[in-house]
Amino acid sequence: MVETVRSLGLQGVTGYEVSVECALSGGLPAFDVVGLPDAAVKESRERVRAAVKSCGAKFPVSRITVNLAPAALRKEGTIYDLPILLGILAAAGDIDPPPADAAFLGELSLTGALRPVTGMLPMAMAAVRAGVRELYVPAGNAAEASLAGPLTVRPVPGVAALLRHLRGEEALPPAPAWTDSPEPDLGPDFSEVMGQENVKRALEIAAAGGHNILLIGSPGAGKSMLARRLPSILPDMTRREALEATEVWSVAGMTDSRSPLLRRRPFRSPHHTVSAVALAGGGSIPRPGEISLAHHGVLFLDELPEFAKDALEVLRQPMEDGEVTITRAAGSVRLPSRFMLAAAMNPCRCGWRGHPSGRCTCSEAAVEKYVGRVSGPLLDRIDLHVEVPSVDFDAMRRREAPESSAAVRERVNAARARQAERFEGMEIACNAHMTPAMVGEHCRLDERGERILRSAFDRMGLTARSHDRILRVARTIADLEGEEAISAAHLAEAVQYRNTDILRG
């Protein structure tokens, strides 16, 4: 007899439906799992056998074959323990077949208890798309699964409780939909930074439009301190952005059962020794890397020239496309990577190039070699190049408090609201992601602006990409000012942020 139990699986960060088919037949006792299972799936045989006996049921003595369909996709992890157990018991006649509109997943312990699994949110969303009405999950995953939408989520503490529910003896209560708690702490505040008003302005523009930014300055000028306060001025996440970012974190096993939804934009800051695979994602079984974990958030690279060349170059395509494609022998997956790059670097190897103290010991050739570790194509994809000067004594000792992050964030949210209205119904959410056609439509210039842009294009040797990026930054500056048209002042400010001469001291 063959019984089928609905379950779910993961391919990259996308869920899909899996049918767990269990067949009992005569012959010598055996237990085979087919359908491209990995080692963890195959080991479910022992967990299922022990869990069945622990809950007081009888494990059938016959030839058991379990097929995980579609068989062409590789099955990974421990999520199929529960549906395999139910399929075997249903095929043996110990329980009625599970409801056709219900799906099951979860890892079993030897005692029959259910342990949480990773990737619950994308699988729950796949269940909604597949028409599943009831989803049975480990209790630790119930809050996350409830984020998926119109779906009855039933938390299962163990096999014994689930069998009582399926037999109609004692119902498992559905999990309530998870609700947001008070506003999360946004971390360090801009009010703690003395001086550096020009850098704060550049960070405000970057946050408002989702633009990439590079901070260049001597040691101790405050580059890292300013960048780490960037999350405090980032715009609020929309529900869609929060769910998409949470899906990636869920697959990586980084969500919190008490607060499963990301409510603040991710801020990832990998060490400069990170490998290209750790940055872009991959492995024998492709997993999200740092650029995907920063989806809809910020990827901060401190000491940019110290990163390996292959690690930096892997950023170029995802920065343009908003996704990265990982191809391995096991298959190819597409991972989202719509991130905002923030980077910091010294102007030279010793760090003191251009400092008022004059203590730089680097030759011109040494400076060129150090700056050359960051390729031109990567620099061309960074919208704002900002010099971070050393803070003078008077700015450090002033008594009045600088502007708080809350005030800056209010302006950023207002600018993003204008962009949301402009791009309503489109896939993009901010100015940095405008296509060339959108740039032509939404970034029109008057006669004076055309002269300024032409002069900058000829004088600075701009590329077509940097031409469009200047216009996108100018559009963001106009949005911050609440202006519909881009004025010459907006464009002039955008042009000054493309001054790559600061990279040569």
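The second largest pocket has a volume of about 370 Å³ in this structure, which is a predicted model. Its lining comprises 21 residues, and those nearest the centre of the pocket are Glu320, Ala432, His433, Met434 and Arg472. Two elements, helix H13 (316–321) and helix H20 (464–481), give two or more residues to the lining of this pocket. The largest share is that of H20, with 4 residues. Sorted by class, the lining of the second largest pocket holds 7 nonpolar, 7 polar and 7 charged residues.

The largest pocket has a volume of about 1,000 Å³. A total of 43 residues line the largest pocket, and Glu241, Glu244, His295, His296 and Glu427 lie nearest its centre. At least two lining residues are supplied by each of strand E2 (14–25), helix H4 (120–129), helix H9 (239–251), strand E16 (331–336) and helix H17. The class composition of the lining of the largest pocket is 17 nonpolar, 12 polar and 14 charged residues.

Helix H17, one of the elements that contribute to the largest pocket, spans residues 405–422 and includes Arg422. Arg422 has a relative accessibility of 16% and therefore counts as buried, the cut-off for this class being under 20%. When neighbours within four places in sequence are left aside, the residues in contact with Arg422 are Asn431, His442, Arg475 and Asp479. With two of these residues, Arg422 also makes polar contacts through its side chain: the side chain of Asp479 is engaged at 2.7 Å, and that of Asn431 at 3.2 Å.

The cysteines were examined for disulfides. A disulfide is a covalent bond between the sulfur atoms of two cysteines. With a cut-off of 2.5 Å between cysteine sulfur atoms, the count comes to 0 disulfides. Cys348 is in no disulfide, and the cysteine sulfur nearest to its own, that of Cys350, is 3.5 Å away. For Cys350, the closest cysteine sulfur is likewise that of Cys348, and the separation of 3.5 Å is too far for a bond, because the pair would have to lie within 2.5 Å. As for accessibility, Cys348 has a relative accessible area of 0% and so is buried, whereas Cys350, at 25% relative accessibility, counts as partly exposed. The value for Cys350 falls in the partly exposed class because buried means under 20% and exposed means over 50%.

Notes:
Residues numbered from 1 in each chain as written. Predicted model: local features only at pLDDT ≥ 70, side-chain atom pairs only at ≥ 80, totals over all residues. Heavy atoms only, no water. Buried < 20%, exposed > 50% of the residue type's maximum accessible area, 1.4 Å probe, protein only. Polar contact = N/O pair within 3.5 Å; in protein donor to acceptor, adjacent residues only side chain to side chain. Contact = heavy atoms within 4.5 Å. 1 Å grid on protein atoms, 1.4 Å probe; cavity = no way out; pocket = protein on both sides within 12 Å on 5 of 7 lines; lining within 4 Å. Points joined across faces, edges and corners; volume = space filled by probe spheres on them. Nonpolar A, V, L, I, M, F, W, Y, C, P; charged D, E, K, R; others polar.
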